[in-house]
Amino acid sequence: MFSLLVTIATGSTIAPAQVAGQSLGGRVAAAAARTERAPRLDGTLEDSVWKIAPIIGDFRQREPLETSPATERTEVRILYDSHHVYFGIHCYDGDPGAIVATQLRRDLSMDLDDNFAIMIDPTLGHRNGYIFEVNPLGTQRDGEIIEEQAPPQTDSIVDPSWDGLWISAAKITSDGWTATVGIPFSTLNFRGGSEVNWGLNFRRFIRRKNEEDVWSGFRRIFGFWRVIPRRYAGRFEGY
């Protein structure tokens, strides 16, 4: 059994309900809330258990206006239990009728759709990690980042042949679209321990605007598909 808290750069710990994401001199940290029961992974955030998780926000553009505030609000909540980590995602959109969602086949490119991606580096090694991507129809795409040494803005470091076991669903709503994701710790080759420190990042793509919004590492030089350098990496920390 373990718990996930946020550790600020000073070394002090803050309970999950107190802070969701905080700037750490170029880095941000995310908090999660432990749940005694798994949330419904039905693509909505209607299950009341999501409300115990703090909101992670403040996404900024990587494209087209580097570091500018995102034009549409994005919120993420993280829950966990003994065997899974769960992500509740709300992609607000002022024009939900313009959301693009066409891809129904797993592991095909979602470049022509709105989509949301989660990057997890479960060893905090800044070299390897996993990508989990979902569109507004709940279609999945995933891949493994291996030996992160490729040049900036290069996607070839992602091995798309890797298929992890995870659950996703999504729904277009009156104010945008929502998605729920559940990932077993075993999919991440994560066995737990007394100290939990993950690398973490989120990316939202708004197709009609060609807008790429990210939670951490806004500079184009990094590229979302890379496990970004230690100084700028978002972190998911705890004890």
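User: Where should I begin with a single residue: is Glu 72 buried or exposed, and what is its relative accessible area?

Analyst: In this model, which is predicted, Glu 72 has a relative accessible area of 13%, and it counts as buried because the cut-off for that word is under 20%. For the protein as a whole, buried residues make up 54% of the 239 residues. The accessible surface comes to about 10,300 Å², of which 51% belongs to carbon and sulfur atoms.

User: Which residue forms a salt bridge with Glu 72?

Analyst: To read a salt bridge, one looks for a side-chain nitrogen of Lys or Arg within 4 Å of a carboxyl oxygen of Asp or Glu. Here Arg 208 is the partner of Glu 72, with the closest N and O atoms 3.7 Å apart. Arg 208 lies in the loop between β15 (196–206) and β16, while Glu 72 lies in the loop between β6 and β7 (74–80), so this salt bridge ties together parts that are 136 residues apart in sequence. Unlike the buried Glu 72, Arg 208 is partly exposed, with a relative accessible area of 32%.

User: How many salt bridges does a search of the whole structure find, and which residue forms one with Arg 62?

Analyst: The search finds 17 salt bridges. Arg 62 forms one with Glu 212, and the closest N and O atoms of that pair are 2.8 Å apart. This pair links distant parts of the chain, since Arg 62 sits in strand β6 and Glu 212 in strand β16, 150 residues apart. Both Arg 62 and Glu 212 are buried. For contrast, Glu 36 forms a salt bridge with Arg 34 at 3.9 Å between the closest N and O atoms; Glu 36 counts as exposed at 74% relative accessibility, whereas Arg 34 is partly exposed at 25%.

User: How do strands pair in general, and in which sense do β6 and β16 pair?

Analyst: Strands of a sheet pair through backbone hydrogen bonds, either parallel or antiparallel. Strand β6 (residues 60–63) and β16 pair in the antiparallel sense, over three bridges, and the bridge partner of Arg 60 in β16 is Val 214.

User: Which residues lie on the two faces of strand β16?

Analyst: In a regular strand the side chains alternate between the two faces of the sheet. In strand β16 (residues 211–214), Glu 211 and Asp 213 are on one side and Glu 212 and Val 214 on the other; all of these are buried, and both faces are covered.

User: What is the order of the strands in the open sheet, and why is one side of β5 and of β13 left without a neighbour?

Analyst: The protein has zero helices and 17 strands, and five strands form an open sheet in the order β5-β7-β8-β14-β13, with mixed pairing. β5 (33–34) and β13 stand at the edges with a single partner strand each, so one side of each has no neighbour in the sheet. The partner β14 (residues 176–184) runs antiparallel to β13, and seven bridges join the two; Ala 170 stands opposite Ala 179 in β14. Another residue to inspect is Lys 171, found in strand β13 (residues 167–173), which is partly exposed with a relative accessible area of 43%. Apart from residues up to four places away in sequence, Lys 171 touches several residues, including Gly 43, Pro 136 and Trp 177. The C-alpha atoms of Lys 171 and Gly 43 are separated by 5.4 Å, although the two are 128 residues apart along the chain.

User: How many aromatic pairs are there, and how should I read the geometry of one of them?

Analyst: The search finds nine aromatic pairs. For Phe 87 and Phe 202, the rings are 6.0 Å apart centre to centre with 75° between the planes, an edge-to-face arrangement. This pair links strand β8 (residues 84–92), which holds Phe 87, with strand β15, which holds Phe 202, 115 residues away. Both Phe 87 and Phe 202 are buried. These two also belong to one aromatic cluster, together with Phe 59, Phe 116 and Trp 215.

User: What sits over the ring of Tyr 92?

Analyst: The charged end of Arg 73 sits over that ring, 3.8 Å from the centre of the ring of Tyr 92.

Notes:
Residues are numbered from 1 along each chain as its sequence is written. This is a predicted model: local features need pLDDT of at least 70, side-chain atom pairs count only at pLDDT 80 or more; totals for chains, interfaces and linings use all residues. Side-chain values use heavy atoms; hydrogens and water are left out. Helices (H or I, at least four residues) and strands (E, at least two) are DSSP runs, numbered from the N terminus. Buried means under 20% relative accessible area, exposed over 50%, partly exposed in between (1.4 Å probe, protein chains only). Accessible areas come from the Shrake-Rupley method with a 1.4 Å probe; for residues, only the protein chains shown count as cover. Contact means heavy atoms within 4.5 Å. Two strands pair if DSSP finds at least two bridges between them. Rings of Phe, Tyr and Trp (its six-membered ring) pair if their centres lie within 6.5 Å; planes under 30 degrees apart count as stacked, over 60 as edge-to-face and the rest as tilted. A charge sits over a ring if NZ of Lys or CZ of Arg is within 6 Å of the ring centre and within 35 degrees of the ring normal.
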